[in-house]
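Here are some exercises to work through with the viewer open. Try each task before reading its solution.

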Amino acid sequence: MGGFGTLGARVRPPAPLRDRLPMTAIVCETPRLALRTLCDADAAFILRLVNDPEWLRFIGDRNVHDLRDARRYINDGPVAMRKRHGFALDVVERKEDGAPMGLCGLIKRETLDDVDIGFAFLPEFRRHGFAREACDAVLERAAREFALPRVAAITSPLNLRSMKLLHALGFEFIRLLKMAPDDRGTRFYLLSLRDTPD
Ligand SMILES: CC(C)(COP(=O)(O)OP(=O)(O)OC[C@H]1O[C@@H](n2cnc3c(N)ncnc32)[C@H](O)[C@@H]1OP(=O)(O)O)[C@@H](O)C(=O)NCCC(=O)NCCS
């Protein structure tokens, strides 16, 4: 009894990361999650995530239509950002089985002065508190490792799940921004990571 992979059975523990994905590194861990850097082997996961209806609606169309596009997204986006800034969006893996569930991390955009937090999970991994747990870890790193005085966040006013998460994390709504000429308003938030404001 107690075999792997059957109903109610234990989940098979993942092989060590260096064996599964030698091109990635774990950046931090929480009780349920490991956050690790993206690599080419994540292309299938990225292809699915960035074409999820909620990603397309609330984040935008990244024009990723096949695995080659997904590798381009990974390398031109998060991999390049990590080289430039030392942080980026990372894969959020479920520790118990190594399943890639979503992306979470820090982003430096030319359009914002402050570094902002980004997060997106596949539908089956929403509403389990995974996004909250990953964001807590990312904000902890932002304060301790990157010594950021504050972190920003942006979201559509229609994205109720995102706004709920930002409020739970302690972000304060500042104002509506126009991020592009056709933008009808993006909600801009800040979270101070210091006890006293700058
Ligand atoms: C935005 C997004 C990341 C929010 O994810 P989420 O899973 O709803 O957020 P949380 O991690 O805070 O989960 C909270 C929910 O998990 C539930 N939950 C279940 N188990 C839990 C646990 N162990 N711990 C904490 N919460 C738990 C909570 O009750 C809550 O559900 P409720 O709102 O019905 O009460 C997700 O909706 C998403 O990926 N959307 C598409 C991409 C996107 O829009 N990204 C943001 C762009 S700005």
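The exercises below go from the whole chain to single residues, and the model they use is a predicted one.

**Exercise 1. The overall build**

Task: Work out how many helices and strands the chain has, and in which order they come.

Solution: Start by counting: there are 6 helices and 8 strands in the chain. Next, walk along from the N terminus, and you should read off α-β-β-α-α-α-β-β-β-α-β-α-β-β. Now for the overall dimensions. The radius of gyration is 17 Å, close to the 16 Å that the globule rule gives for 198 residues, so the chain is as compact as a globular protein of that length. Along the principal axes, the C-alpha atoms fill a box of roughly 55 × 40 × 30 Å. Finally, check the contacts with a separation of 6 or more: 51% of those in the chain are between residues 24 or more positions apart.

**Exercise 2. The core**

Task: Find the largest nonpolar core and say which helix gives the most to it.

Solution: First, the background: nonpolar side chains tend to be buried together in soluble globular proteins. Buried residues make up 29% of the 198 residues here. The largest nonpolar core has 43 residues, and among those with the most contacts inside it are Ile46, Val92, Phe119 and Val138. Helix α5, residues 130-144, is the element that gives the most to this core, with 7 residues.

Then zoom in on Val92. Leaving out residues up to four places away in sequence, Val92 touches Leu33, Leu35, Met101, Gly102, Leu103, Cys104, Phe130 and Ala134. Leu103, Cys104 and Ala134 are also listed with the residues that have the most contacts inside the core.

**Exercise 3. Following β4**

Task: Decide whether strand β4 is mostly covered or uncovered, then find its pairing partners.

Solution: Take the residues of β4 (100-107) in turn: 8 of its 8 residues are buried, and the strand is mostly covered. On one side, β4 pairs with β3 (residues 89-94) in the antiparallel sense over 5 bridges. To get the register, note that Glu93 has Pro100 as its bridge partner in β4. The two strands form a hairpin with 5 residues between them, and Gly98 in the turn has a positive phi of about 75°. A second pairing takes you to β5: 6 bridges join it to β4, again antiparallel. Here Leu103 is matched with Ala120 in β5.

**Exercise 4. The two faces of β8**

Task: Sort the residues of β8 by face, and find which strands it is bridged to.

Solution: In β8 (residues 186-192), Arg187, Tyr189 and Leu191 make up the covered face. Thr186, Phe188, Leu190 and Ser192 make up the uncovered one. For the neighbours, begin with β6 (residues 150-155), which runs antiparallel to β8 and is joined to it by 6 bridges. Then take β7 (residues 172-177), also antiparallel to β8, with 5 bridges. Arg187 is a handy marker for both pairings: it is the bridge partner of Thr155 and also of Leu176.

**Exercise 5. Around the ligand**

Task: Describe the shell around the ligand by residue class and by element.

Solution: Count the shell first: 21 residues surround the ligand, and the closest are Ala120, Gly129, Ala131, Arg132 and Arg161. The elements that give two or more residues are α3 (53-58), β5 (116-121), α5 and α6 (160-169). Of these, α6 gives the most, with 5 residues. By class, the shell splits into 10 nonpolar, 5 polar and 6 charged residues.

**Exercise 6. Odd backbones and a buried alanine**

Task: Are Asn63 and Arg127 buried or exposed, and what about Ala34?

Solution: Recall that most residues other than glycine have a negative phi. Asn63 has a positive phi of about 55°, and it lies in the loop between α3 and α4 (67-85). With 9 other C-beta atoms within 10 Å, Asn63 is exposed. Arg127 has a positive phi too, near 65°, in the loop between β5 and α5. It has 10 C-beta neighbours inside 10 Å and so counts as exposed.

Ala34, in strand β2 (residues 33-36), is buried because it has 21 other C-beta atoms within 10 Å, and the cut-off is 20 or more. Ala34 touches Ile26, Glu29, Glu93 and Lys95, not counting residues up to four places away in sequence.

How values were computed
Residues are numbered from 1 along each chain as its sequence is written. This is a predicted model: local features need pLDDT of at least 70, side-chain atom pairs count only at pLDDT 80 or more; totals for chains, interfaces and linings use all residues. Helices (H or I, at least four residues) and strands (E, at least two) are DSSP runs, numbered from the N terminus. The radius of gyration is taken over C-alpha atoms; the globule rule is 2.2 Å times the number of residues to the power 0.38. A residue is buried if 20 or more other C-beta atoms lie within 10 Å of its own, exposed if 12 or fewer, and partly exposed in between; C-beta atoms are placed from the backbone. Two residues are in contact if their C-beta atoms, placed from the backbone, lie within 7 Å. A nonpolar core is a set of buried Ala, Val, Leu, Ile, Met, Phe, Trp, Tyr and Cys residues joined through C-beta atoms within 7 Å. A residue is near a molecule or strand if its C-beta atom, placed from the backbone, lies within 6 Å of it. Ala, Val, Leu, Ile, Met, Phe, Trp, Tyr, Cys and Pro count as nonpolar, Asp, Glu, Lys and Arg as charged, and the others, Gly among them, as polar. Two strands pair if DSSP finds at least two bridges between them.
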